[in-house]
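Got the viewer open? Load the model, keep the selection box handy, and follow along stop by stop.

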Amino acid sequence: SNVVLAVGLRTGYAWNLGGERTLAPELFRMRDYQTPRGYNWEITDIGNVLLNTSVEMRFNIYKWLGSAVFFDSGNIYDGISDFNINDMRSSIGVGLRIITPIGPMRLDYGYPIKGDGKRKRFPDIAFGNPF
């Protein structure tokens, strides 16, 4: 068929076994390509708890050309007690896929529909599927 529905869930919890605060390099970051697309993530967007969800419908247009529509939602928190589903940043968007021998090249444009409004002005460009 020409349509694929992909659903992804990425979650994590980081803690230090020594009782100290977890060091910054070990925390989750919200600035990689697997986060809700369409946001301008800051370098300070790091935390101990991560929750990201994505739903993507992929369409084949031509042999090596495809497109996608998606819904992303997620955020990071300092601790489990800080988790609030109403604080999650959500976006919808469209994407273009060019199939290459090393995997798909993606050009995704996400539009924030819920969150703090730090909107990214440029599309995301990446290799590989987002999840």
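Start with the charges: this is a predicted model, and the salt-bridge count in it comes to eight.

Select Asp 72 and Arg 37 to begin. Their closest N and O atoms are 2.7 Å apart, which makes a salt bridge. The two come from distant parts of the chain, 35 residues apart: Asp 72 belongs to strand β5, while Arg 37 is in the loop between β2 (28-29) and β3 (46-47). Both Asp 72 and Arg 37 are buried.

Next, pick Arg 89 and Asp 45. This salt bridge has 3.8 Å between the closest N and O atoms. Arg 89 lies in strand β6 and Asp 45 in the loop between β2 and β3, so the contact ties together parts that are 44 residues apart in sequence. Is Arg 89 buried or exposed? Its relative accessible area is 9%, so Arg 89 is buried. Asp 45 has 12% and counts as buried too.

Then go to Asp 108 and Arg 97, whose side chains meet in a salt bridge at 2.5 Å, N to O. Here strand β7 supplies Asp 108 and strand β6 supplies Arg 97, with 11 residues separating the pair in sequence. Asp 108 is buried at 1% relative accessible area, and Arg 97 is buried at 4%.

Now select the whole group: Arg 37, Glu 56, Arg 58, Asp 72, Arg 97, Arg 106 and Asp 108. A network of salt bridges links these residues.

**Arginines over rings**

Keep Arg 37 on screen and add Phe 70. The charged end of Arg 37 sits over the Phe 70 ring, 3.7 Å from the ring centre. Go back to Arg 89 and show Tyr 39 as well: the charged end of Arg 89 sits over the ring of Tyr 39, at 6.0 Å from its centre.

**Ring on ring**

How many aromatic pairs are there? The count is four. For one of them, select Tyr 62 and Trp 64: the ring centres are 6.3 Å apart and the planes make 85 degrees, so this pair is edge-to-face. Tyr 62 is partly exposed, at 45% relative accessibility, and Trp 64 is partly exposed with a relative accessible area of 45%.

Now try Tyr 77 and Phe 83. They make an edge-to-face pair as well, 5.2 Å centre to centre with 75 degrees between the planes. Tyr 77 is buried at 6% relative accessible area, whereas Phe 83 is partly exposed at 37%.

**Walking the strands**

Switch to cartoon. The protein chain has zero helices and eight strands, and its C-alpha atoms fill a box of roughly 55 × 30 × 25 Å along the principal axes. Of the 131 residues in the chain, 37% are buried.

Colour β4 (residues 49-62) and β5 (residues 65-77). These strands pair in the antiparallel sense over 13 bridges, and a hairpin of two residues joins β4 to β5. For a landmark, select Met 57, which stands opposite Val 69 in β5.

Which strand does β5 pair with over 10 bridges? That is β6 (residues 89-100), again in the antiparallel sense. Two positions to click here: Leu 65 stands opposite Ile 98 in β6, and Ala 68 stands opposite Gly 95 in β6.

Carry on to β7 (residues 103-114), which pairs with β6 in the antiparallel sense over 11 bridges. Two residues lie between β6 and β7 in their hairpin. Arg 97 turns up again at this stop: its bridge partner in β7 is Arg 106.

**The nonpolar patch**

Finish on the surface. Select Val 3, Leu 5, Val 7, Val 55, Met 57, Val 69, Phe 71, Ile 92, Val 94, Tyr 109, Tyr 111 and Ile 113, which make a nonpolar surface patch of about 1,000 Å². Strands β1 (3-13), β4, β5, β6 and β7 each supply at least two residues of this patch. Zoom in on Val 7, which sits in strand β1: with a relative accessible area of 60%, Val 7 is exposed. Met 57 and Val 69, the landmark from the strand walk, are among the patch residues too.

Notes. Residues numbered from 1 in each chain as written. Predicted model: local features only at pLDDT ≥ 70, side-chain atom pairs only at ≥ 80, totals over all residues. Heavy atoms only, no water. Pairing = 2+ DSSP bridges. Helix = DSSP H or I, 4+ residues; strand = E, 2+ residues; numbered from the N terminus. Phe/Tyr/Trp six-rings, centres within 6.5 Å; stacked < 30°, edge-to-face > 60°. Buried < 20%, exposed > 50% of the residue type's maximum accessible area, 1.4 Å probe, protein only. Lys NZ or Arg CZ within 6 Å of the ring centre and 35° of its normal. Patch = residues over 30% accessible without salt bridge, like charges linked within 9 Å, V, L, I, M, F, W, Y side chains within 5 Å. Areas by Shrake-Rupley, 256 points an atom, 1.4 Å probe, with all protein chains shown as cover. Salt bridge = Lys/Arg side-chain N within 4 Å of Asp/Glu carboxyl O.
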